[in-house]
Amino acid sequence: STTSSHLVRRSYSSESQPERKVAILGAAGGIGQPLSLLMKLNPLVSSLSLYDIAGTPGVAADVSHINTRSQVKGFFGEEQLGEALEGSDVVIIPAGVPRKPGMTRDDLFNINAGIVKSLCLAISKYCPSALVNMISNPVNSTVPIAAEVFKKAGTYDEKRLFGVTTLDVVRAKTFYAGKANVPVENVNVPVVGGHAGITILPLFSQATPKANLPDDEIKALTKRTQDGGTEVVEAKAGKGSATLSMAYAGALFADACLKGLNGVPDVVECSFVQSSVTELPFFASKVRLGKNGVEEVLGLGALSDYEKEGLESLKPELLASIEKGIKFANQ
C-alpha cells in the first residue's frame, strides 16, 4: 500500500542521512558477494564501491538493479583499485582464500598476508582516513600487518583499524539462545581475545538474559563457539568456509561503524583492535564506536574462574599470531 511504502521511505529518507561511501575489497568472492548484497540494502550507504581482481563488473551490475539508495560501481584489476577506494568512509576487506578441510587459519597466512599488505598500501594512499574493517583471515595476524603497513606509510590511526570478530559474537548468541531456551534476538554475549580457535573467548558469565547453565554446558558452548568456523568448513566438505554467516556479521559490524560515524550514541560492538586492556598489543573486546572510529576500548568486566583460565591460556597463542603478522609486514 502507498502508506507503508511512504513510511519506509520516510524512515529511511536519505535527506537526513549523510553521504557515505563504502568500498568492499574482494567483492566477487564467497563472502564478498553476499556482503555486497547486504551493504546495498543498508540505507546508510550512498555509494557502494565493489573491487576484486576479476568478476566485479558482473556482481556490480547485478546488485545495482536493487531499488535502494546507494549508487553501485564495480572495479577490477590493480589499476582500478585507487579509483575504487577514493573517498571511502568505510573499507571492508574480505579478500583472500577460504579455508579448506584440514587447513588451519595459519595455512592461509602466506597467501592472505600478501594480499592484505598490498591492499593496505593502496588504502594508505587513496583513503587514509577510512575506517578499515578486516575480515581476511587469519585476523589475529592480518590486523597487525595492516597496522604496520599504515605506520610505514605514516597514515596509521589506531582508532580506524578493526578486526571483524562479529561472527564469533553472532555464533555465541545463537548457540547460547539455543541452550538457554530464550529468544535469540534479545541475547547478548561479549566475545573477547582473538579470532581463531582457543583465542576466541566468549564471556557467557556476562551473557544476557542470564540463564544459570551448568559448567559442562558452558564448556561445550565455549568449544562450539571456538570451533564454529571448522564446523562450517567440514559441513561444506571442501566447498569453502563460512561465507553467508560471515557476510551477515560483516554487514552488522559495518553498519555499527556507519552509525558511529553518523553520531548515533552508544554504539558498542566487540572488535579486535589496538588495545591496552591486556599486555598484548591487539585484543578483541567491547568497543564504543563514534565519529573517529574507536571512541573507547572497554574493559573485560568481571570474569568467571573458567574465563580467567581461558584468558591466560589464549595469550601465548594470540601473541605469537600478532608477532607473526608484524614480522611479515616488516620483511
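These are my notebook entries on a cavity, a helix pair and a salt bridge in a predicted model.

**Entry 1, enclosed space.** I searched the whole structure for cavities of 30 Å³ or more, and the search returned 1. I then looked up its volume, and about 60 Å³ of space lies in this largest cavity. For the lining I noted Ile123, Ser124, Pro128, Ala130 and Val132, followed further along by Phe150, Thr155, Tyr156, Asp157 and Arg160. Sorting these lining residues by character, I recorded 6 as nonpolar, 2 as polar and 2 as charged.

**Entry 2, helix 7 against helix 8.** I next turned to helix 7, which covers residues 166-180, and helix 8, which covers residues 215-226; the two pack at an angle of about 145°, and their axes are 9 Å apart. I noted the crossing of helix 7 past helix 8 as right-handed. On the side of helix 7, I found that Asp168, Ala172, Phe175, Tyr176 and Lys179 make the contact, while helix 8 contributes Glu217, Leu221, Arg224 and Thr225. When I divided the residues of this contact by character, I wrote down 4 nonpolar, 1 polar and 4 charged.

**Entry 3, salt bridges.** I looked up the salt bridges in the structure and entered a total of 11. One that I followed up joins the side chains of Asp89 and Arg20, with 3.2 Å from N to O. I placed Asp89 in the loop between helix 4 (81-85) and strand 4 (90-93), and Arg20 in the loop between helix 1 (2-11) and strand 1 (21-25), so that I have the pair down as a link between distant parts of the chain, 69 residues apart.

Key. Residues numbered from 1 in each chain as written. Predicted model: local features only at pLDDT ≥ 70, side-chain atom pairs only at ≥ 80, totals over all residues. Heavy atoms only, no water. 1 Å grid on protein atoms, 1.4 Å probe; cavity = no way out; pocket = protein on both sides within 12 Å on 5 of 7 lines; lining within 4 Å. Points joined across faces, edges and corners; volume = space filled by probe spheres on them. Nonpolar A, V, L, I, M, F, W, Y, C, P; charged D, E, K, R; others polar. Axes fitted to C-alpha atoms, helices over the stretch in contact; angles between N-to-C directions. Helix = DSSP H or I, 4+ residues; strand = E, 2+ residues; numbered from the N terminus. Left-handed = near helix turned anticlockwise from the far one by under 90°. Contact = heavy atoms within 4.5 Å. Salt bridge = Lys/Arg side-chain N within 4 Å of Asp/Glu carboxyl O.
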